[in-house]
Structure formats: C-alpha cells, structure tokens
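Biologist: Hey, could you walk me through this model? I'm new to reading structures, so plain words please.

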Amino acid sequence: MSDPALDLLRRIFGHPAFRGEQAQIVEHVTGGGDALVLMPTGGGKSLCYQLPALLRDGCGLVVSPLIALMQDQVEALRQLGVRAAYLNSTLDAATAADVEHQLLAGELDLLYVAPERLLTGRFLSLLERARIGLFAIDEAHCVSQWGHDFRPEYRQLTVLHERWPDIPRIALTATADAPTRREIAERLALEDARQFVSSFDRPNLRYRVVHKDGAGVRQLLDFLAGHRGESGIVYAFSRKRVESVAEQLQAAGIKALPYHAGMDAQVRAGNQRRFLQEDGVVMVATIAFGMGIDKPDVRFVAHVDLPKSIEGYYQETGRAGRDGEPAELWLSYGLGDMVNLRTMIQQGEAGEERKRLELGKLDALLGYCESTQCRRQALLGWFGEPHPGACGNCDNCLEPPSSWDGTQAARKALSCVYRTGQRFGAGHVIDVLRGADTEKVRQWGHERVSTFAIGNDLDERQWRGVFRQLVAVGLLEADVEHHGALRLTAASGPVLRGERELRFRHEAPKPARGRKARGATTVQMIELDVDSQLRFDALRHWRATTAREQNVPAYVIFHDSTLRAIAEAAPDDLDELGRIPGIGASKLDRYGEAVLQHLFDSAP
Ligand code: ADP
Ligand code: ZN
C-alpha cells in the first residue's frame, strides 16, 4: 500500500524520506490529533504542518509572528506548486480582499497570517465561513513571558481551541527548555496534545569560544578570513557597537551590512533583503535580527560580544547551517562584557524576580564559556538532553584546554580587591598587583597596601584571565553603584582563607598579527572535483540570474546542496535529474530544461 504522506513528500518536496519524527507527527496531525513539536532550527518543522494541510480537507492556517518572512515562505511553497498565500499588514487592501476570497472559495492549501490580524473579530468571523483543515502555531515560545520573544497576542490564541475544538492544532518551536515547554502547553491549552521532542544536537555546527583581546574586532577579522565569500551573521551587544563593527569590517573589504532596531525601517529591510538574496553578505546585527530567518546557507554565526543566556545563544547560533552542511560558531567575550551585562541587568527596570532569573541565566552562560567540557555536551545538557561528549567538533574536543592551579593567584587577586577598598575595576587592581607606578596608584596611595607588587609572577594578560574567571564563577561581582568596580561575594571567604582550591584555564597565547589564531582551522568545506566545480559555478550563476528575475532569494529556486548534487551527478535527461534529492515535480517542470541546458553548456 502506498503512503499518501510519503508520496507527497517525494512528489512535491522532492525529499526521498522523512527525517526524525516527521512521519509520526504528520500522521498524528493528519488524523486530527493536537501536537506540540520541539525541534531544533533546521530540523524540518515546516513539513510537519504543510503535509497535513495538504492531506486534510480545507486550508491550513499558519500563525506566525514573522511578517517580514511570510512572503518568502509563501513564494517557496508556490514554487513547489502549493496553493499558498499570506495576510499581513504589508498587503494592500485589494490583494488582501483577493486572498480572503480565495480562502472562502476553498482555493488555498496554506494561509499564513500574523496573530494580530487573526485575532480581529472580522477575521475570526471570516474563518467561521471558511473550511479550515488545521491550525499551526509557529514560534510557539512567543507565548512565554520569560522568553526573549514574548508576544502578548499569542496568549489569546486559545480562542482557536474554544471556537473550533474539533480542528487539530500543532504548535512548533525551537526553544526547548522544560519550563518554556510547560508554559507553552498551558498557555495554548495544549496540555493534552501529544509532545514530540527531537534531539537538539546539530552535528554539523562547530562551536568555538575565545577570550577577547581589546574590542575583539581584530580576532573577528582573523576568524572571518577563514570564511571569505560566505554568508554569515555577526551579533553585537548594542546598536552603537553594531555600527562600529560593521564599519570596521567594511573597511577591511568585507561585504558587511548593519541591522538594528534603531535604523530607518526601509534601510533595515533593504539590508535584510540583500542578506537573503545576495551571496556572501555578512550581517552585523543586534539580536533584533534573525528570528525566523530561514536562509539555509548561513555558514557562520559570530558573537563579538557575550549573549545574554544559553537559550538565546542556542537560538542565535541555530541560524547557521540549516542546510545540514558544515558551519562554524564563534563567540568572543571578556571581563568587560560580564561587567556590562551584569550592571545592565541590575540597573534595569525589571522586578527583583526577573533580575535574579536573568543573572542566573548569565551565570550559566559564563559557566559554559569557561568550561573545559565538550561544548556540545554542555549545551545539550542545559536543555536536559544527555550527550556522551567528545563530539570532535568543538574547540574543547579539538584542542583540549589545559588548566593550572590558580588557588594562590585567586587569593592574591581577591585580597588585593579587598585591600584597595572594593571600588576599582580589574585594570587598576592588576596594576597594584604588578606593582605598576601609575598616577592612579600614587593618587590613592596603593603602593603602600600589603598586596602591592605581590603578583609579578603573572603578566597582565594572565591576570585578566584570572579576574575574568573569578567573575565567571561568582567569586567577584560587579558593583552597580560604582561602575566597573569589582567587589567580593559571599563565596570569596573560603578562597581567601585557603579553604578552597581553584583551577583556571590557561589563556591561549596571543596570536601573531596577520596569522590565524592557533586552532582557528576553517570548517572543512565540501570539495568538488574540477568538472563538478565548473558545473556548480555555472548552475549558481544561472540560479542568481533566475532569482533576480523573479525577485526571490536564490535558495527559493534551489538550495546549494541540491545544486551540488546536480553538479556531481551530471544528469543527462529529465528523468535522471528528477531523481536527485530536493527536486520535486514542480521544480523539475519549471527549471529542468534550463538546468540541463546549463550543464550542457558548461561541459569542458
Ligand atoms: P525548521 O523550520 O525546523 O527550522 P525547515 O522546515 O525550514 O526547518 O527545514 C530545514 C531544512 O531541511 C529545509 O531546507 C528543508 O527543505 C529541509 N528538510 C526538511 N525535511 C526534510 C526531509 N525529510 N528530507 C530532506 N530535507 C528536509
Ligand atoms: Zn565537543
């Protein structure tokens, strides 16, 4: 007996088989069941509602907060021959009326709609008159008040369940920690829904953490040298920082564009479009950028400043390598980041409970950064998923860090903070430890404290590492009253009294200028033989032209991985071409001849 879902998967989407739990989810929802789906970015969530929408009677309604991306999502479906449309505030009245008409006439398989529009009385009564096959609630974590993408309208989506109790609902998210999951189920009235929780491991992603030298831009440039011509995202802490980093990258000849919430909306949208459509654009952005960006060929995500939490970090980095091919994640952070973030949280408007929560999240992230454990094991562990470690694709596995006994150094550092009155930043305290003759030292009479010049055994860089790690493990904290000042914590006592031993990571040696940092090996890219490479280049060129003509992102036409497979297989006719993964009936029909022609023309 043939399986209609598998049939559609092959015929329309061109994929030979289901991935992970897709088959079970599709079957469950097609059969009318409610589902809560947790899958990492790039895991293949869309198919989990798109196939049931095609298999069930009526239109599948997709609630999504990502207005800017609906057009691309819908365009990608239309390219596959699926009758899809969207409704949001970017449409003019006539087009919107047209879409509503199609919905009522039963001419749509999938309709994407923004939550604020869905919840209007007018739209809900429109739905009463339409035939709906299922409700899909994408980015379901937006219902969580503690998450980073909270959308109050998501709380009202229970109305769907109340008014249409018999229509199946499927909620999907890539944010997976257990409290958020519980909150989603509760807030969306999905307690009885079947939960599908996938592994969050992304084996193609390589994790790397480095300690910042100065502002970290030179290190970033070294890292980018291994990714020339590739698309990627650089996340920075603030709008000002975004602009300055973008300028420095541009000055270094990199096709970098800024993106943050303070920019002119049109310029910002233009930059996003260029990132999606052109090859090799580096987007320098605050975290305002990226939710739902489903560009599959993002080859790296670099954090030039410390993110706010492990969840945020995982989500931001998850945007790399959605096509399953190797991608690299790079995070640089220093003492200044920790002090800035801590001060910002403590001085913020939030209530005490929220502040404690955010500080706790920051601590967990710092623990991750300083850890000598396999990064993958640490990250997955945070989401409650066991991993044996030794992944072979993170810095700690590739170049195991060494540690040293830092008990004495920690005592000296803490006691010097104490002797100088707990009102100075690390720079000055290090000067005192190293017996430096500075104006500030003389001004405060610190050449007379007992810890003056007791730290000549370490250089400044090593001391910075000591202070950073002391803050990271909570033995020193930022004093909000005196900006940048460090003070002792309740945990410092046992160390000062010699009752607790500490081990520190060795600081990586400073890389020589113009050379790549030790171990900054580039991700192994897929190598093609010479002929295949020629064909691949010809196909990419054809794809770029075709995408421009249609004003759609290149990946909507074909993914890199599909082009590569075509280049390697060098098919002679449409039959052979149609058997390559990623080529469904509609794409074969639209582009088959052109692809074959270009293969033929590029033959040596
Ligand atoms: P998510 O929404 O979970 O981030 P998507 O639905 O965008 O992920 O899918 C990510 C990528 O995986 C897309 O390029 C999609 O075409 C591909 N994909 C999804 N399911 C399959 C499958 N069964 N076989 C091959 N590729 C798939
Ligand atoms: Zn590892």
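What follows is a chat about this predicted model, topic by topic.

Biologist: Let's start with trust. What is the mean pLDDT of the protein chain?

Modeller: The mean is 89. As for the spread, 95% of the residues reach 70 or more. pLDDT is the predictor's confidence in each residue, on a scale from 0 to 100.

Biologist: And where is the pLDDT below 50?

Modeller: That's residues 511–524. Beyond near neighbours in sequence, that stretch has 22 contacts in the model.

Biologist: OK, on to the metal. Which residues coordinate the zinc ion, ligand 2?

Modeller: Four cysteines do the job: C374, C391, C394 and C397, each through its SG atom. The distances are 2.3 to 2.4 Å.

Biologist: How are those donors spaced along the chain?

Modeller: They follow the pattern C-x16-C-x2-C-x2-C.

Biologist: Why is the arrangement around the zinc ion called tetrahedral?

Modeller: Because the four donor atoms subtend angles of 99 to 120 degrees around the zinc ion. To count as tetrahedral, all angles have to lie between 85 and 135 degrees, so this site passes. For reference, the ideal angle for four tetrahedral donors is 109.5 degrees.

Biologist: Is C394 buried or exposed? And what about C391?

Modeller: C394 is at 0% relative accessibility, so it counts as buried. C391 is at 23%, so that one counts as partly exposed. The cut-off for buried is under 20%.

Biologist: Switching to helices. At what angle do α14 and α21 pack?

Modeller: At about 30 degrees, with the axes 9 Å apart. Helix α14 covers residues 335–347, and helix α21 covers 460–472. Their crossing is left-handed.

Biologist: Which residues make the contact there?

Modeller: From α14 you have L335, M338 and R342. From α21 the partners are R464, F467, R468, V471 and A472.

Biologist: Just before α21 there's a loop, right? Which residue in the loop between α20 and α21 should I click on?

Modeller: Try A453, which lies in that loop, with α20 spanning 439–443. A453 has a positive phi of about 60 degrees although it is not a glycine. Most residues other than glycine have a negative phi. A453 also has a relative accessible area of 33%, so it is partly exposed.

Biologist: Which other non-glycine residue has a positive phi, of about 55 degrees?

Modeller: N551 has one. You'll find N551 in the loop between α23 (530–550) and α24 (554–557).

Biologist: Now something inside the protein. Is Y49 buried or exposed?

Modeller: Y49 counts as buried, because its relative accessibility is 2%. Y49 sits in helix α3, residues 46–55.

Biologist: What does Y49 touch, leaving aside neighbours within four places in sequence?

Modeller: Quite a list: V62, L110, Y112, L134, A136, D138, I170 and L172. There's also a C-alpha distance to look at: Y49 and I137 are 88 residues apart along the chain, and their C-alpha atoms are separated by 9.4 Å.

Biologist: How about S198, where is that?

Modeller: S198 is in the loop between β7 (194–197) and β8 (205–211). At 15% relative accessibility, S198 counts as buried. Not counting residues up to four places away in sequence, S198 touches E21, L38, M39, P40 and E385.

Biologist: And G367, where does that one sit?

Modeller: G367 is in helix α15, residues 352–370. With a relative accessible area of 37%, G367 is partly exposed. The C-alpha atoms of G367 and A378 are separated by 9.5 Å, with their positions 11 residues apart along the chain.

Biologist: Last stop, the start of the chain. Is S2 buried or exposed?

Modeller: S2 counts as exposed, because its relative accessibility is 52%. S2 is in the segment before α1, which runs over 4–13. From S2 to L160 it's 33 Å, C-alpha to C-alpha.

Biologist: What does L6 touch, again leaving aside neighbours within four places in sequence?

Modeller: L6 is in contact with P16, A17 and F18. L6 itself belongs to helix α1, and a relative accessible area of 23% makes L6 partly exposed.

Definitions and conventions. Residues numbered from 1 in each chain as written. Chains lettered and ligands numbered in written order. Predicted model: local features only at pLDDT ≥ 70, side-chain atom pairs only at ≥ 80, totals over all residues. Heavy atoms only, no water. Contact = heavy atoms within 4.5 Å. Donors = N, O, S within 2.8 Å, 3.2 Å for Na, K, Ca; no water. Tetrahedral: all angles 85-135°; square planar, octahedral: opposite > 155°, others 65-115°. Buried < 20%, exposed > 50% of the residue type's maximum accessible area, 1.4 Å probe, protein only. Axes fitted to C-alpha atoms, helices over the stretch in contact; angles between N-to-C directions. Helix = DSSP H or I, 4+ residues; strand = E, 2+ residues; numbered from the N terminus. Left-handed = near helix turned anticlockwise from the far one by under 90°.
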